[in-house]
Amino acid sequence: MNELTNRLKVDFDASEITERKPGLTTLKVAKDKAETLIRELRDREGFTHLNFMTCIDYIEDGIFTLVYMLHNYEQKQTLGIHVDIGRDGEEMVSIHHLWAQAWTYQRELREAYGIRFPGSPRLDEDFVLEGWDQIPPMRREFDTQKFSEERFGHREGRQSEVPRDHMKVTLYPNRGGDEQ
Amino acid sequence: MIKSLSTEDTLENSGLSAEEQQLFCNARPKAYEPYPIKAVEDFANWARANSLWILAFGTGCGAIELRPLMTARFDANRFGVAGRPTPRQSSVFVIGGYASVKTLKRIIRSYEQMQGPKFVICLGICPVNGGMYFDSYNTINQFDLYLPVDLYITGCMPRPEVLVAGIMELQKKIKQGRCDGANRYVENFDWYKANQKKVIKNWDMPDYNW
Amino acid sequence: MIAEWTGKIANFALTLLIVTAYGLFMTAFIERIIAKVQGRIGIPYWQPVINILKNFFKRTAVSHGYMFYLGPVFRIAGGIGTLAFIPVIYGSETFSNFSMAGDLFLVIYFMFFGQLGMALGAGESGHPYSAIGIARGLSQMTAYEVPFALAVISIVIQYDTLSITEIVAAQQGGWQNWTVFTNWVATLAAMLAFLGMTGYSPFDIFLAPQEIPIGPPTEFHSAYLSFMSLNRALFGATKLVLFMNLFFGGATGLIELMIKTWLIYMVAIVVGVAFPRFRVDQAIRFFFKIPTLIGIMSIVYAQMMLTS
Amino acid sequence: MVAAFFTDVMLQPLGIYVLALGAGFLVPLFDRAHRGSAMLVFMGSLAGMVAIAALNLYAIINGAAVIDIETAGIAPPFAINLRFGLFEGGVVLAVNIAALLGAWHYLPSLKQHASALLLYLILVMGINGMVMTRDLFNLFIFIEITSIATYALIGMERTGTVLAAGFKYIIATSVATAFFLLGTIFIYYQVGTLNIDDIISHGALIHGPIGLIATLFVLTSLLIELKPYPANGWGLDVYETANSGIASLISVGVSAGVFFALFKLLPLMDAYLDSIAVVAGATFLLSNIIGLKQHNAKRLLGYSSIGQMGLLTLALVLLEQLDAGAQIALVVGGLFVNHLLAKAGLFWLAGIVDRTNIKDWASIARRPELLILLGLMFAALIGLPPFPGFWAKWELVMLLGSADQYGWILLVLLGSLLEAAYLFRWFSHARKRDDELTEHVCSFWQPAPVAIAAALLVAIGFGMAGTMDLDVPAMFLPLLAGFGLWLIDGLPARVKQLAMLLAVAAGGYWLTQELTGINQLFSYLLVAGGLLISIATIYRNDVRNGFYPLLAVLLLSLAALLRASTTLEFFFSWELMTLSSYLLITLARAGIKPALAYLLFSLGSAYFIFAGFAAAFASTGSILLADLGNVSSPGLVFSLLAAGFVIKMGGFGVHIWLPDAYAEADDDFTAMLSAVVSKAGIFGLVIIAAQLGIRSDIGLDPAYVLGWIGILTATFGALMAVFQEDIKRLVAYSSMGQLGYIVTGVALMSHLGWVSALYLTVNHFLFKGILFLSIAGIVLRTNERLMYKMGGLIKNMPVTFVFTMIAIIAMSGVPPLTGFGGKWMLFNALMEKGWYWIAALAFFSSAVAFLYMFRLLQTVFLGQRKLEHAKLREAPAILLVPQVVMIAAIMAISAYPKLLLDPLSAAINPWIANTLVWDGFALQTHYGYWNAPLIMAIVGGVWMVPLIILLLVSLTMKIQKVEQFNIVYAAERPHRPEDTHFAYNFFAHYDRAIGFLVRPRATAFWNAVIEWSHTLGSSLRVFYNGNGQTYALFILMYFVAMVLFNGGLGS
């Protein structure tokens, strides 16, 4: 694995190579090298399986981190590729030509975060949110509770507790006030 | 008897293109009166109560609680409960917990395709007040805004025993002639429709799914 | 003349009532047996009746057109008519129905009457699943008709008649005269065809509750469905009576009728609970192989019987 | 003096020579003065020749003595010795008429050179000489004159290929005439005279090797001139390249001369008749096989021409062997005139149209007059009625049959079929409307010679009919009616329709009024039924050129068929029916190709029937249909005739023409084809079954085979119908399947079997008529034939739906409608006969039938309606009217079948004793019983009671009428009718299970037959390498082969 990551470091300027646990390594790569890197991993290094694709919203840094999770069955290794893209309408290269199922993930990412993958099939079709008329809901500037109350209403008599506080009161009354 | 429509009975079906409007029926639903003879109505209600056909449409996590109902342990067949794969023939709709907006649209369509008298059981807390999904962007909080509910079984998740108890409760209610959800829906049709359309933004069905 | 026919009609109404009730009862009875096998209690005995009543008590319905409306009428007319042409109990004037109108051939062809009308009704509903279900059902029907036809020809050769009454008469005088013992080959072929005819597993693909919600009747509900449920009970019992008459010596009394038909029905049930479902093309191929072969043998067997 | 010269010389046969030579002398003179006057002289002299020949022939027919002429008072060979008898007169007249008309056609080219006019005259004179001369040496001279004149005429057109062809021609004919001269010398050496009559009377003097060589020289020479296969490449090249005027004269004139020379010398050739027959037969068959591969119009005509000459020679030789006497004149004369006029006309047409490749003949698709002429000529060549060829072939085959020459019959019929294949393929090309091709332009008068030839053909055909044992007015009524209607074809559609209906009604009534028994039954079905269905044709009011006349011909020829009392009348009407239905199919947009297959199979069927009649005639010496039963070999006759009728009905294995023809014909005509025309085959089958199957102890075998063929037809027809997407093809296959039951019913040869067959026939007429007329309405409204493109039409066409449904129930055999009775009787009859396996298959196929019946109703009327069909209207009332009548008939027969069964039984009783036992309303058989009125009542009752209950229950409910998308759709909504309508590949699973049974094997087989015959054709062409030397070598080798074949020098 080290051998591979070292090579990736040289060839693709991969950075932040971290072994999270045995068999799971993550690394970060620049956006313009990501597709080549993934293709290389799939075709040459035996990472034939795309576990999933997802996205993390770092609103503070103004970036989305896309995560491509690849798996090598022979070595039982999982490799997470992190790619940073800008939050504001930046596009990403589609990988549906590498794994046909990727278009589903990309469609979902388009719906939930507003990231566009030019060329990805059926990208603009509704996935879960039929007729969605707000900003993409997984972006952190979207206030779900406010939206929920406005649109779905609030049943009178319902009380919401903060789970941590509520547990302190109901489950562990003796330890009330313990700051640790 | 088969009736032809007069214009005031019709719905706009504005969610449909002009081309599609001719493909869907645009009649308003109509309420039905009880049979004029009380004995007949009581007998009919007894029959209805003892032949509850549940629509085989698992709408949320609670759908998993419906399966054991038919097994040897609970054997809901004893109470005349059976599953039915088509809404045309079903009389009971069990809402299995949370309902996302996308599912709600299908629930409404299926409910409207069931023939009256028809009954709705809400399973779990989510249809009541949103439950743990109270702040979700995609899950409704109060199911009775959208469809008339005859019986709530709360809990997260209620076990099959409770479901059996709920069914027996429903039977009791039916026999008493108090399950008139279908008529309530018809009578407050515009209110229900407005609520439904408030959350379902891509309304591409007819206003009433005959 | 009028009195005679009124009497006949009254007698037939009585037979119809008994056979329908028996069919409904047996449906429940079999359901309960299956439930017992699965360790359950099962439905109450009157559950099929309640279901039918419940559907009659529905207050709303939709109609897709006049053929849709008439479909169930055709269906149950097929069932009643089929029964009308079969003598139910041997030697009983009351239960001989209108069997003087036609013979076995009439009965076999009249079975299609209801199926055709029903298929047209289901077709007008516009539901693709209905059409798929019918396409499958009809295909399967052509397949099981082959061993059945061969078996029928075999017993027609054997008894030298097409009249059901005479076929039953020829089997009187002891169990050893029953077709099942005198011409077991034909009976075997016919019973294999019977499996397909009842529509139980492994030949229930045309109803296919999971894949194409219950096939042809998908759109039927309310009173339409009541008619069809009634017919299912009636027609099922009628087919049993026919098989009993042709292969199992007929019946001289109601009790004998019930025992025999129940036993015949159990064949389908036992096979049904034990075997998974065939795909349609598999079912067709099945019927064209072993059962057809047995059917062919049955004719040879009957001819040998004649010459010996 | 002048007058005396005129009567003594000019009006005598010799006047022909005088005219030719005189005109030959005058034409250049006049040409110098004025070109037009030269033409006048030229044409005048040709007309004069015709007139002389006609006058003399007329005189001879009226009993004048045969004219013998010896010129200049000196005995031959130094002078010309001529004879003008009956045969000579006929041939001379025909040749001169052809020459005159040919000159008319050829005139534009002839005008170029005065010498061409001269040559033409000399050529004609030469031919006349060849015919009339009675001197062997003179014959040689005339042959040389014609050869040289022909060569010179060919050479008038100075293009490379023409000159090459002409050169090959002169080489070949020189060699041939050299043979002739040698032969003449040897004969003179042995006999000492050159007078043919003397030679013949001293035939015994020709003996030994020299005699053999001498006769073979003469014979080979004449045969070579007739262009036998394979030594005929030189002739073909000339046909292909020469001007159509000269080619026509070579084909008909020169060949006629040579042929007549052969006829004259035939008494010398007694020993070689067999080899001549072989040569001629081979030439006929092989030329026609090679013709299959040919696309060059004139070369194709060349093949046909050579083939026809082969047939003529064959007929002459065979009949000579049989000592047929007077019939030789009829057969050979008929064939000769037929070939002469038709072939000449075709060559002229080829000249007018001037398209080398027959595929380019589409340019005349919009010229009906040219098309009609082309079709008439083709029909004449094939020997279809009423042309002379028909009568001649009939006599020929009958004579051959009576001499047990079945091999030759086979050869003649096979060759004719092959000829029909390529000629009508050509016709198909010409019929095909191709907008890209430029339309052919020709003046109005240009086709006139062809038209005159056609008129002469018809007239002679009519004249020949008079000599046959035939009910001429009845047989020609269809043609007359058709001709009359054709004359008013320019009137508005409504008038034409009315006129057609009146003509058919009146003519049909007149033709069939006196019929009894089975014929009467069929007359109701075919004439009254045909009339009923033709009412539906009113639904179209477009021009439909030719449709109504042809329909009248078809229906009236069916009526005439029923009336036929002799096999000749039967065959005449049968061929007329075939031809008219073929032409009717070609009228449809895409009908041309399937029509060709239809025609070929129909002709094949006709030829089987023909052969069967010949075999019957051979046995009984009578052509009365009523005497069919007396034949001594009933098995053979029955098999041949049954094969013919089964092909016509689309039996198993020979059905491939049926679906295409039914599908592509006009929609209303398909109804006619299926409901009415197919019944002609059943009629024939019933007739022969009645005559042969019952009367003579035919043995079970052919009938049993027929029973199997019938049931296999039923089974596979049903199976194939299941997998069709095209509605008309589906019903076409269904039609095939239903006819299969009828064949089986007839094959049973029992009373019940026949009753069931006739009952099913009536039933088939009723439901197929309804179905195809319904389909006509559907296709009219939707403009679609593919079922998956329709759907949900019950909303728009409820009446059509109900009618179709009733028709389908009547077809399916579900009680209480008519189909059940037929199935029940058939099943009972099968069981009584002990045909258990057939009974089982009948059961199976009627179950399979449910599949396609349901599919038809489901995919067209039920399911989802397409958006574009939302506004469709019900089928036009005029289409529904005949259906109402037929529905009423179905209902009446269903409720009270005795209505139909009694007449059926009465019609059958004369043949087989009645076995129908009636017990009140119930029909009883050995096995079972069937009480139709009671069944109807019970079914009505059990249907009405639930309906009333449902109506009552409906009162307690609110029932909403919904639209097509209001369906349960797994909680989704349908988006398009197209993807919600389950229709395409409806029985995919069935196909997966037993589809292997219905892969198109028969089609593959027939395609292979086509492939083989084309390959054979091209391999037989190997001799034609275009090299003159090779051709000359072939001629020499041909002679050698003839010598060796006839015993060689040693004998």
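**Close-up views of a four-chain predicted model**

**View 1. A small open sheet in chain D.** Three strands of chain D form an open sheet in the order E3-E4-E5, with antiparallel pairing (strands pair if DSSP finds at least two bridges between them; strands are DSSP E runs of at least two residues and helices are H or I runs of at least four, numbered from the N terminus). The edge strands are E3 (917-919) and E5 of chain D, and each of these pairs on one side only. From one strand to the next, the twist averages 25° (axes are lines fitted to C-alpha atoms, for helices over the stretch in contact, and angles run from 0 to 180 degrees between N-to-C directions). Antiparallel E3(D) and E4(D), the latter covering residues 922-924, are held together by 3 bridges. Look for Asp919(D), whose bridge partner in E4(D) is Ala922(D).

A note that goes for every view: this is a predicted model, in which local features need pLDDT of at least 70 and side-chain atom pairs count only at pLDDT 80 or more, while totals for chains, interfaces and linings use all residues. Residues are numbered from 1 along each chain as its sequence is written, and chains are lettered from A and ligands numbered from 1 in the order in which they are written.

**View 2. Where chain D meets chain C.** Here 64 residues of chain D are in contact with 67 residues of chain C (contact is when C-beta atoms, placed from the backbone, lie within 7 Å). On the chain D side, the elements that each supply at least two residues include helix H31 (798-812), helix H32 (818-833), strand E5 (929-931) and helix H36 (932-955). H33(D) gives the largest share, 12 residues. By type, the touching side of chain D splits into 44 nonpolar, 15 polar and 5 charged residues (Ala, Val, Leu, Ile, Met, Phe, Trp, Tyr, Cys and Pro count as nonpolar, Asp, Glu, Lys and Arg as charged, and the others, Gly among them, as polar). Among the 4 pairs of chains that touch, C and D have the most contacts.

**View 3. Strands paired across the two chains.** Strand E1 (residues 60-63) of chain C runs parallel to E6(D), and 4 bridges join them. One residue to pick out is Ala61(C), with Ile959(D) as its bridge partner in E6(D).

**View 4. Leu104(C) and its surroundings.** Leu104(C) sits in helix H4 (residues 104-124) of chain C. This leucine is buried, with 26 other C-beta atoms within 10 Å (buried takes 20 or more other C-beta atoms within 10 Å of a residue's own, exposed 12 or fewer, partly exposed in between, with C-beta atoms placed from the backbone). Leaving out residues up to four places away in sequence, Leu104(C) touches Val152(C), Leu162(C), Ile164(C) and, over in the other chain, Gly928(D). Ile34(C) is 70 residues from Leu104(C) in sequence and 33 Å away in space, C-alpha to C-alpha.

**View 5. Helix H3 of chain D.** At 1.5 Å a residue, the 27 residues of H3(D) (residues 35-61) should span 39 Å, and the end C-alpha atoms are indeed 39 Å apart (the expected span is 1.5 Å times one less than the number of residues). Buried residues in H3(D) include Val41(D), Phe42(D), Leu46(D), Met49(D) and Ile52(D). An α-helix has 3.6 residues a turn, so residues three or four places apart point the same way. Cover for the buried residues of H3(D) includes helix H2 (14-33), strand E1 (67-70), strand E2 (81-84), helix H4 (86-110) and helix H5 (114-132) of chain D. Just past H3(D), Gly63(D) takes a positive phi of about 105°.

**View 6. Helix H9 of chain D.** H9(D) (residues 208-225) has 18 residues, which should span 26 Å at 1.5 Å a residue, and its end C-alpha atoms are 26 Å apart, in agreement. Of those 18 residues, 14 are buried, so H9(D) is largely enclosed by the rest of the structure. Lys227(D), just after H9(D), takes a positive phi of about 60°.

**View 7. Chain B against chain A.** In this view, 19 residues of chain B are in contact with 17 residues of chain A. On the chain B side, helix H4 (101-113) and helix H5 (126-129) each give two or more residues, with H4(B) giving the largest share, 3 residues. The touching side of chain B divides into 8 nonpolar, 7 polar and 4 charged residues.

Methods
Contact = placed C-beta atoms within 7 Å.
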